[in-house]
Amino acid sequence: MNILVILGSPRRNGNSETLARTVVQELEQQQTNSIEYIHLNKLQIRPCQSCGGCEKTSVCVIRDDMDALYEKVDAADRLFLVTPIYFYGPTAQCKTFIDRFQARWSRKYLLAKPFRQGEDRKGYLLATAATKGEKVFDASLLIAKCFFDAVNMAFGGSLLVRSVDKAGVIQNRPEEMARAVAFGHDIVEGRV
Ligand SMILES: Cc1cc2nc3c(=O)[nH]c(=O)nc-3n(C[C@H](O)[C@H](O)[C@H](O)COP(=O)(O)O)c2cc1C
């Protein structure tokens with residue numbers, strides 16, 4: 001099974017990355033899994049230019065690091081979209097990556113050209129935020145669900161952690177670390 005982890009924070013080893021690594025560690029115990037982590041902040045990804053090119057050809061006109069990512073997302077069986085919350089949404093790195101999947105949305109909904117189907121493919125949102133805000137994850141959940149639909153993946157669920165700010169402070173929250181281990185275990189067992 002191919003597992004792809006898309007890290008949207010510019011901070012290395014921050015709260016969202018720590019959360020993701022704790023969840024995905026559970027999947028590492030299955031030796032059949034290949035696991036790849038992508039730090040979006042290290043890549044050159046231009047924002048969608050709304051040129052309409054993909055509406056005609058289903059392929060984005062921009063040539064940059066997204067070229068490889070389309071293929072990796074197509075090949076993924078489990079995809080983790082991992083982001084801290086910035087102004088009630090995903091980071092710009094994460095949103096820029098997502099917007100470029102307009103090419104897949106066009107392929108699916110405008111051109112009806114087939115690409116890898118949803119046979120047991122699942123996407124998960126893992127996100128962290130500094131505040132306790134009740135609605136702090138709402139926008140990112142909607143965006144993630146829309147993204148997973150565009151790439152032919154079912155939404156498998158989310159793990160959302162509030163009240164973590166300083167980089168890595170999530171490690172001092174044993175109850176959240178335990179939730180992450182349990183979430184990983186639920187994925188392994190096929191419960192989510
Ligand atoms: C530009 C910016 C905007 C932020 N906006 C929010 C916000 O709207 N709500 C919130 O709860 N936390 C906000 N935060 C805090 C981060 O979501 C929080 O520190 C998160 O745990 C960082 O994860 P990371 O260590 O993986 O980068 C913001 C942080 C930054 C740098």
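**Figure 1. Packing of the buried residues of helix α1 in the predicted model.** The buried residues of α1 pack against five strands and one helix: β1 (2-7), β2 (34-39), β3 (78-84), β4 (122-128), β5 (154-161) and α7 (174-188). On the α1 side, these buried residues are N15, S16, E17, T18, L19, A20, T22, V23 and V24. The end C-alpha atoms of α1 are 20 Å apart, which agrees with the 20 Å that its 14 residues should span at 1.5 Å a residue.

**Figure 2. E17 in helix α1.** E17 has 24 other C-beta atoms within 10 Å and is therefore buried, the cut-off being 20 or more. Apart from neighbours within four places in sequence, the contacts of E17 are L7, S9, R12 and V82. D186 is 169 residues away from E17 in sequence, and the two C-alpha atoms are 19 Å apart in space.

**Figure 3. Residues around the ligand.** The shell holds 20 residues, of which G14, S16, P84, A129 and T131 come nearest to the ligand. By type, the shell divides into 10 nonpolar, 7 polar and 3 charged residues. Helix α1 (residues 15-28) gives the largest share of the shell, with 3 residues. S16, one of the nearest residues, is also listed among the buried residues of α1.

**Figure 4. F80 in the largest nonpolar core.** This core has 42 residues, and those that touch the most other members are I6, A20, F80, L81 and L126. Not counting residues up to four places away in sequence, F80 touches V5, I6, A20, V24, Y124 and L126. Two of these partners, A20 and V24, are buried residues of α1.

**Figure 5. Two loop residues with positive phi, S58 and N152.** Most residues other than glycine have a negative phi. S58, which is not a glycine, has a phi near 75°. S58 sits in the loop between α2 (53-57) and α3 (66-75), and its 18 C-beta neighbours inside 10 Å make it partly exposed. N152 is likewise not a glycine and has a positive phi of about 65°. N152 is found in the loop between α6 (138-150) and β5. With 19 other C-beta atoms within 10 Å, N152 is partly exposed.

**Figure 6. W105 in helix α5.** Helix α5 covers residues 102-110. W105 counts as partly exposed, with 18 C-beta neighbours inside 10 Å. Between W105 and R78, which are 27 residues apart along the chain, the C-alpha separation is 19 Å.

**Figure 7. The whole protein, as context for the close-up views.** The secondary structure comes to 7 helices and 5 strands, which follow the pattern β-α-β-α-α-β-α-α-β-α-β-α along the sequence. The radius of gyration is 16 Å, close to the 16 Å from the globule rule for 192 residues, so the protein is as compact as a globular protein of that length. Along the principal axes, the C-alpha atoms fill a box of roughly 50 × 35 × 30 Å. Buried residues make up 35% of the 192 residues. Of the contacts with a separation of 6 or more, 78% are between residues 24 or more positions apart.

Key. Residues are numbered from 1 along each chain as its sequence is written. This is a predicted model: local features need pLDDT of at least 70, side-chain atom pairs count only at pLDDT 80 or more; totals for chains, interfaces and linings use all residues. A residue is near a molecule or strand if its C-beta atom, placed from the backbone, lies within 6 Å of it. Helices (H or I, at least four residues) and strands (E, at least two) are DSSP runs, numbered from the N terminus. Ala, Val, Leu, Ile, Met, Phe, Trp, Tyr, Cys and Pro count as nonpolar, Asp, Glu, Lys and Arg as charged, and the others, Gly among them, as polar. The expected span of a helix is 1.5 Å times one less than its number of residues. A residue is buried if 20 or more other C-beta atoms lie within 10 Å of its own, exposed if 12 or fewer, and partly exposed in between; C-beta atoms are placed from the backbone. Two residues are in contact if their C-beta atoms, placed from the backbone, lie within 7 Å. The radius of gyration is taken over C-alpha atoms; the globule rule is 2.2 Å times the number of residues to the power 0.38. A nonpolar core is a set of buried Ala, Val, Leu, Ile, Met, Phe, Trp, Tyr and Cys residues joined through C-beta atoms within 7 Å.
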